[in-house]
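User: I am new to this structure. Could you take me through it?
Analyst: Certainly; here it is.

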There are 2 protein chains.
Amino acid sequence: MSKIVVLHSGGLDSSTLLGTFLQTTPPSEILTLSILYGQKHDREVYAAERISEFYHVEHEVFRIPSPVFQVRSEEGTPSSLTDDAEMPHQTYDELSTSVGVSPTYVPFRNGNLISIATSICLAYGGGIVATGVHAEDSRNWAYPDCTPEFIGGMQNAIYVGTYHRVRLVAPFQYMMKSDIVRLGLILKVPYEKTWSCYEGGDSPCGECPTCIERLEAFRVNGATDPVSYRRTNV
Amino acid sequence: MSKIVVLHSGGLDSSTLLGTFLQTTPPSEILTLSILYGQKHDREVYAAERISEFYHVEHEVFRIPSPVFQVRSEEGTPSSLTDDAEMPHQTYDELSTSVGVSPTYVPFRNGNLISIATSICLAYGGGIVATGVHAEDSRNWAYPDCTPEFIGGMQNAIYVGTYHRVRLVAPFQYMMKSDIVRLGLILKVPYEKTWSCYEGGDSPCGECPTCIERLEAFRVNGATDPVSYRRTNV
């Protein structure tokens, strides 16, 4: 038995990725994997749990001890996802033109997440590791560990480094978020159960980069985001 | 301040790598990193601690929850380093011709170790991640996650995925273990403090693949391994 291990944040992209695999694969061959790495918005893991239940897919949560991602010197790379820095209220494009390193970048997070998923996939005999990274993640170096160049390096390392037993796939890497929403609406992905916001709390803020991007993706499709935002004028 | 993060198992290769960097770099710019991942021979971490002390280098131990590397199905990839399987008493070459997947391979371990080291390096602002993998690790696919092809993929992923802030280096990747010992003897690396054996216990077994390889590397150099083996006729 081989496994498809879907890295599942509980957000829109990885939920659509899961819905896409389920078009052709029985739920028993899929494992969703969520990682707690010290993110403020750890409630995304509960969203992932609910979505996995909805799809009857086994869900696993893995915890990375948070010191790995915490800044250790003045020159270190901080992240507003894991430290005390204020969350920016800008779009990814605005952020990318105003700063060198995106304040929401978590240092080489995806290298770690993908490597853990690869080891777990091998524990089942191998198969596929899938990530929902997309073109807006990589645009303007918002997230360098989401770029096709990063994915390509990891694909080579994983294919060679697992005796060719595991392949890394990133089916959305050249798609915009609005393309993903278009696909997900057709597949009836339960977007009301997803959590994208970088802030914690009971409802998404509507102001952080990922909330802005998500709202725009629904708007482009002439659709309404089914989740309720803290800001009421979105 | 940038950091050189040396992945340090406490064994011969990574100790020589550390000694090599210290020829040109002050100890304060180096961090040694050991990982507990469920290996039976976790005493190697104490060896790493002693060697780091000897060199006045900061040493850090990171624990990966062990389920990551444990087999989950009949087709899964087991490892005699982390599970109940008996340790083979053969050379790496004998193992590689008799089996497909080396019984001492830990599923994509090095992808995980290198990714953790990369995140920690970024926490200091970036620099270098160094691994002591060598040509006998990769020969005949003993360890596919030690091959130049694996390292090349990871190098690309890391350089791109960290905003060009971290480089992965593997200075010994085309050297035999005897070449490493030759270098280490010149540099007076404290080999008496190292631990290479895959078995636990008070003294190295002298019979597992890594003990056999190590003894041969000293023999080729006309030198005597300073550690005492359990087998007295080595």
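User: How can chain B be laid on chain A?
Analyst: A turn of 180° with a shift of 0.0 Å along the axis lays chain B on chain A with an RMSD of 0.0 Å, the copies being superposed by least squares on the C-alpha atoms of residues with pLDDT of at least 70 in both. That is the relation of a two-fold axis. In chain B, the C-alpha nearest the axis belongs to B:Gly153, 2.1 Å from it.

User: What kind of model is this, and how are residues and chains labelled?
Analyst: This is a predicted model, in which local features need pLDDT of at least 70 and side-chain atom pairs count only at pLDDT 80 or more, while totals for chains, interfaces and linings use all residues. Residues are numbered from 1 along each chain as its sequence is written, and chains are lettered from A and ligands numbered from 1 in the order in which they are written.

User: Turning to the sheet, what is the order of its strands?
Analyst: The open sheet has 5 strands in the order β3-β2-β1-β4-β5 (chain A), with parallel pairing; strands are DSSP runs of E, at least two residues, numbered from the N terminus, and two pair if DSSP finds at least two bridges between them.

User: Which strands stand at the edges?
Analyst: β3 (58–63) and β5 (166–169) of chain A do; each has a single partner strand, so one side of each is left without a neighbour in the sheet.

User: And how many bridges join β1 to β2 in chain A?
Analyst: There are 4 bridges between β1 (residues 3–7) and β2 (residues 30–36) of chain A, which run parallel. A:Ile4 has A:Ile30 as its bridge partner in β2(A).
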